[in-house]
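Biologist: Could you take one part of this model and go through it closely, neighbours included? I'd like one connected account rather than a list.

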Amino acid sequence: MDHKSFIALLSDRLGMDVNEVSALTDTFTDILQKTMCNADAVVLTNFGTFEPRYRAERITVQPSTGRRLLVPPRVTAAFHPGTALRRKIRDMALSAMLKNSPEYIQGIDTKNGQ
Amino acid sequence: MDSKLTLLGLATRLAKESGQSKGFCENFLREFCNTLSLKIMEGEAVRVKHLGTFRAVPVQPRRSVDVSSGDNIEIAAHYKVSFTPAKDLARALNAPFSSFQTMPLPDDVPAESLGEAEPKGEPDAGQEADTDSHPDKTAVINTATPSDKPESSEAQSSKPKTKHRPACAPTTTVSGILDADPAPRATDTLHTDPGPKASGRGDFITGVIVGILACILTASIILLIECFFLIPPVQEHRHRIDLDKIDPSEHWDDLPAWRYPDRTYPDDPPSNKSNEEGDLPKTPSDTVAAAQDGAKDKEKVIMDTITLSRFLTTMAKDHYGNFNLWPYIYEENSAKLGHPDRIRPGTPVVIPPLSKYGVSADNPEDIKKAKTKGAAIYARYRR
């Protein structure tokens, strides 16, 4: 689902105009970005936490050439799903995912076989 | 810094910036999260502009160990939420480190000298084992049980392949780093080995200093050579030294008359000495006056010396009254003179009397002959 479809769905659920919802969403993402740039986390109850995560510098080996590379440190945006969302995904979405997920089916079969 | 912005705080800020009420904004945020969760649970990947993409990712079942009991357990297959941040969000967050690039390490750098940078890849390999990013806990589980030793060693051996990635790590960033151009850049100051760089800068400074010293030394040598060979010493001093060294009795013809007033010439009787009256000529001009006096001057040898400001023409002007008569002085001393314009300063020359050549300074024909003679002298040295 792309951004436009998501905004349309959200506007339907809120009963608001699409442009108004789009403007609110942009403001929300702008606040989120500014907050995370200040190394602060944003906690959305029953959904999850957005937080900046510092990745220290490290040494990797490029598989094709075997050369060692020094990867610089970086800050990434991480999302840690809340307990409620994790539980929902584990329990409630199984039926929908089973239809389109051969990996999950294979995993279930492996578990039952043991 | 390192604080948490809750939903209420976020709603307050959103209300402040959007002009809506706080309750409205809170409801909007809750509905935003609910809609997002719903679509994620339906298995769709939801992309929110300027925020990122959320999707549910399947996780294969795997074996693990119950930390409390130590029993082997089976973690069932499940789904986890994956979040890939949008490019502008990732770029804004990584702005402080945006100038750094991935650098290839030289082969001669030992792993021990790199400190703790090498083992830091360990949590990344074990991070995907847990549903949520708890690398420390996963690492403990993998290494605590002896039955899992082959798996942990296998995980270590496959660590450089970076097959699995953390749940929340941006996938494009990792692949971009591995595919990045490993050529070093000038802005990469943090990730280069400080030792070789510092020594390289030291070598550069040393080279510059040595170069400057070499230039100064060369310039000094050239200056000394120029002083000793090209610029002659003061004429009077050198002349005096030369005259002190030589035996006057053997070089009467080359010595100035004013210096040795008591000398005698082969055809000059002692009674004709110019010093009998006690008037020793002090300068060449005095000698000129004496040379123009008459018959007595015909037999007298007059000496003069080439200096930086006294040339053959100057002597001819002083002694004969016309500078065009210099060729006669030159012919008189041609044995020791070279090019008339390149006579070494300090060279003593004999000023012959004009009567010796039958020339008069007042005769225009003689002046003309002298000019012709001068041209002939120059013609000798013309190539």
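Modeller: Let's start with a pair of residues: V46(B) has F54(B) as its bridge partner in β3(B). Some ground rules before we go on: this is a predicted model, so local features need pLDDT of at least 70 and side-chain atom pairs count only at pLDDT 80 or more, while totals for chains, interfaces and linings use all residues. Residues are numbered from 1 along each chain as its sequence is written, chains are lettered from A and ligands numbered from 1 in the order in which they are written, and side-chain values use heavy atoms, with hydrogens and water left out.

That bridge belongs to β2 (46-48) and β3 (52-59) of chain B, which pair antiparallel over three bridges; pairing takes at least two DSSP bridges. Strands here are DSSP runs of E with at least two residues, helices runs of H or I with at least four, both numbered from the N terminus. The two strands make a hairpin with three residues between them, and H50(B) in the turn has a positive phi of about 65 degrees. On β3(B) there is also β6 (78-85) of chain B, running antiparallel and joined to β3(B) by eight bridges. One of the partnerships there is V59(B) with H78(B) in β6(B).

Now for the helix, α2(B). Its 20 residues reach 28 Å from first C-alpha to last, close to the 28 Å expected at 1.5 Å a residue; the expected span is 1.5 Å times one less than the number of residues. After α2(B) comes G43(B), with a positive phi near 90 degrees.

The helix and the hairpin meet at L36(B). Leaving out neighbours within four places in sequence, L36(B) is in contact with V46(B), V48(B) and F54(B), plus F6(A) and F47(A); contact means heavy atoms within 4.5 Å. L36(B) and F54(B) are also among the residues with the most contacts inside the largest nonpolar core, which has 45 residues; L44(A), F47(A) and F50(A) are the others. Such a core is a set of buried Ala, Val, Leu, Ile, Met, Phe, Trp, Tyr and Cys residues joined through side-chain atoms within 4.5 Å. Buried means under 20% relative accessible area, exposed over 50%, and partly exposed in between, with a 1.4 Å probe and protein chains only. The biggest contribution to this core comes from α2(B), with eight residues. Another core, of 20 residues, lies apart from it and includes I302(B), Y330(B), I343(B) and L354(B).

Just ahead of the helix, Q20(B) is in the loop between α1 (7-18) and α2 (22-41) of chain B. With 29% relative accessibility, Q20(B) is partly exposed. Setting aside residues up to four places away, Q20(B) touches A15(B) and C25(B) as well as E20(A) and L24(A). The side chains of Q20(B) and E20(A) make a polar contact of 3.2 Å: that's a pair of N or O atoms within 3.5 Å where, within protein, one can donate a hydrogen and the other accept it, and residues adjacent in sequence count only if both atoms are side-chain atoms.

For the setting, chain B has 14 helices and nine strands, and 33% of its 383 residues are buried. In chain A, 46% of the 114 residues are buried.
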